[in-house]
Amino acid sequence: MTSTRPTAPALSAEDLVVEYPAGRGQKVHAVSGVGLEVAAGETLGILGESGCGKSTVGRSLIQLPPPDSGTVRLGDVTLTGLAPRELRRARARMQIIMQDPVSALNPRRRVKDLVWEGPSIWGSGEDTRDKDERIDTALRDVGLDPATVRERRPHELSGGQCQRVCVARALLLDPEVLICDEPVSSLDVSVQAQILNLLETTVRRRGLSMVFIAHDVAVVKNISDRVMVMYLGKVCEVLPSDGMHHEAVHPYTRLLLASLPEVQRGPQPAGAPEPGPAGAAAELPSPLNPPSGCRFRTRCPLATARCAEREPALREIRPGHRIACHHAPPERNPV
Ligand SMILES: Nc1ncnc2c1ncn2[C@@H]1O[C@H](COP(=O)(O)OP(=O)(O)O)[C@@H](O)[C@H]1O
Ligand code: SF4
Ligand SMILES: [Mg+2]
């Protein structure tokens, strides 16, 4: 008999807040009340311009450092508030892949030691034979030839090979969740597709959940099941990536999509707001002093007085699709 009990998300976060001190009593409102859920085997993309708080969310999820407030759960374990020892143990179930693989790797260490860093920190796998086998399997799994790379140091590898070593190191700990923060942004275009393909096939084969952070719409859309769009520390829209170009209704998401070449954008929905040139060109307001009400209002072609007065709540407009906007197109508004 199958259980009817709903399974807990693999990873969830509620009301994350992160503020960085900025001198003279000021603070950077980097992340302001962000929540998310990632199901087992699901990839959630986080999309938004540089500076909108994507990396801060990623680091909060893995508690490096923990958020100022809010809750993070990994399966049924609440990470926020755990004692350091338990947190370290729980955190091994969630691994992060960073943007710059070369600086993520200790330049003095050889590949075999870099890949084994996790178990040496967590204190498991002292059996040397087992260790060598596991390192070689991990390297093969990410498309590297152990005999060629095992004894090399990071400077003897290409950027793509270094990122493969980072993936191997993360996978060796057999995590349930991967957080990938702009994992291909620093790589040559020719290598980006290979690493994306590696991540995609790895999470599918192992049934992992992934949070995939990037500023590139096409990259996020292609690899994700759902996409969460952020602007200036807030969530604007969460929607399935399939048909995203047609279904997105938040003016900021539409602005991001409008920046893509038409061939990638596909057909546009009737009544979709056309972002004006001011919206497209305007800069992100300062996170030291975000606009009142809706933070996007200074660039939004649909903004009204209400947008300055009241912050729009994130609301569901149909199953699996949520937006934070007072003036979504009428056909999408709940009755
Ligand atoms: N350690 C820090 N100290 C002060 N401000 C920071 C720090 N890290 C990030 N910020 C600021 O927080 C905001 C969000 O940054 P970040 O999360 O890196 O955004 P993204 O990853 O979307 O580019 C930015 O304004 C950034 O300048
Ligand atoms: S709430 Fe107002 S300013 Fe914000 S996105 Fe919607 S219309 Fe634009
Ligand atoms: Mg970032």
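By class, the lining of the largest cavity has ten nonpolar residues, three polar ones and no charged residues at all. That's our way into this structure, which is a predicted model, so keep that in mind as you look around.

**The cavity and ligand 2**

Let's stay with that cavity for a moment. It is one of two cavities of 30 Å³ or more that turn up when the whole structure is searched. The largest one holds about 70 Å³ of space. Its lining has 13 residues, and C294, C300, C307, C325 and H326 are the ones nearest its centre.

What sits in the largest cavity? Ligand 2 does. Around ligand 2 there are 13 residues, and the closest are C294, C300, C307, C325 and H326. Sort the shell around ligand 2 by class and you get nine nonpolar, three polar and one charged.

**Ligand 1 and its contacts**

Now hop over to ligand 1. Its shell has 13 residues, with G51, G53, K54, S55 and T56 coming nearest. Here the classes are five nonpolar, five polar and three charged.

Some of these residues make polar contacts with oxygen atoms of ligand 1. Here are three, side by side:

| Residue | Atom on the protein side | Distance to an oxygen atom of ligand 1 |
|---|---|---|
| G51 | polar backbone atom | 2.6 Å |
| K54 | polar side-chain atom | 2.8 Å |
| S55 | N or O atom in the side chain | 2.8 Å |

How much of ligand 1 does the protein cover? On its own, ligand 1 has 560 Å² of accessible area, and the protein covers 64% of that. Two elements, β2 (27-38) and α1 (54-61), give two or more residues each to the shell. Of the elements, α1 gives the most, with four residues.

**The largest pocket**

Next up is a pocket. A handy idea to carry along: rolling a probe the size of a water molecule over the atoms shows where empty space is left. The largest pocket in this model has a volume of about 510 Å³. It has 20 lining residues, and L64, Q95, I96, I121 and R169 lie nearest its centre.

Which elements each supply at least two residues of that lining? They are α2 (84-91), β6 (94-97), α5 (117-122) and α8 (159-171). By class, the lining of the largest pocket has 13 nonpolar, two polar and five charged residues.

**Two backbone spots to check**

Finally, have a look at the backbone. Most residues other than glycine have a negative phi, and most peptide bonds are trans. This model has a place to look at for each of those two habits.

Start with L64, which you've already met in the pocket lining. The peptide bond from L64 to P65 is cis, with omega near 0°. You'll find P65 in the loop between α1 and β4 (69-74).

The other spot is R24. Is its phi positive or negative? Phi of R24 is near 50°, a positive value, and R24 is a residue other than glycine. Look for R24 in the loop between β1 (11-21) and β2.

Terms used
Residues numbered from 1 in each chain as written. Chains lettered and ligands numbered in written order. Predicted model: local features only at pLDDT ≥ 70, side-chain atom pairs only at ≥ 80, totals over all residues. Heavy atoms only, no water. Near = heavy atom within 4 Å. Polar contact = N/O pair within 3.5 Å; in protein donor to acceptor, adjacent residues only side chain to side chain. Areas by Shrake-Rupley, 256 points an atom, 1.4 Å probe, with all protein chains shown as cover. Nonpolar A, V, L, I, M, F, W, Y, C, P; charged D, E, K, R; others polar. 1 Å grid on protein atoms, 1.4 Å probe; cavity = no way out; pocket = protein on both sides within 12 Å on 5 of 7 lines; lining within 4 Å. Sits in = over half its atoms within 2 Å of the grid points. Points joined across faces, edges and corners; volume = space filled by probe spheres on them.
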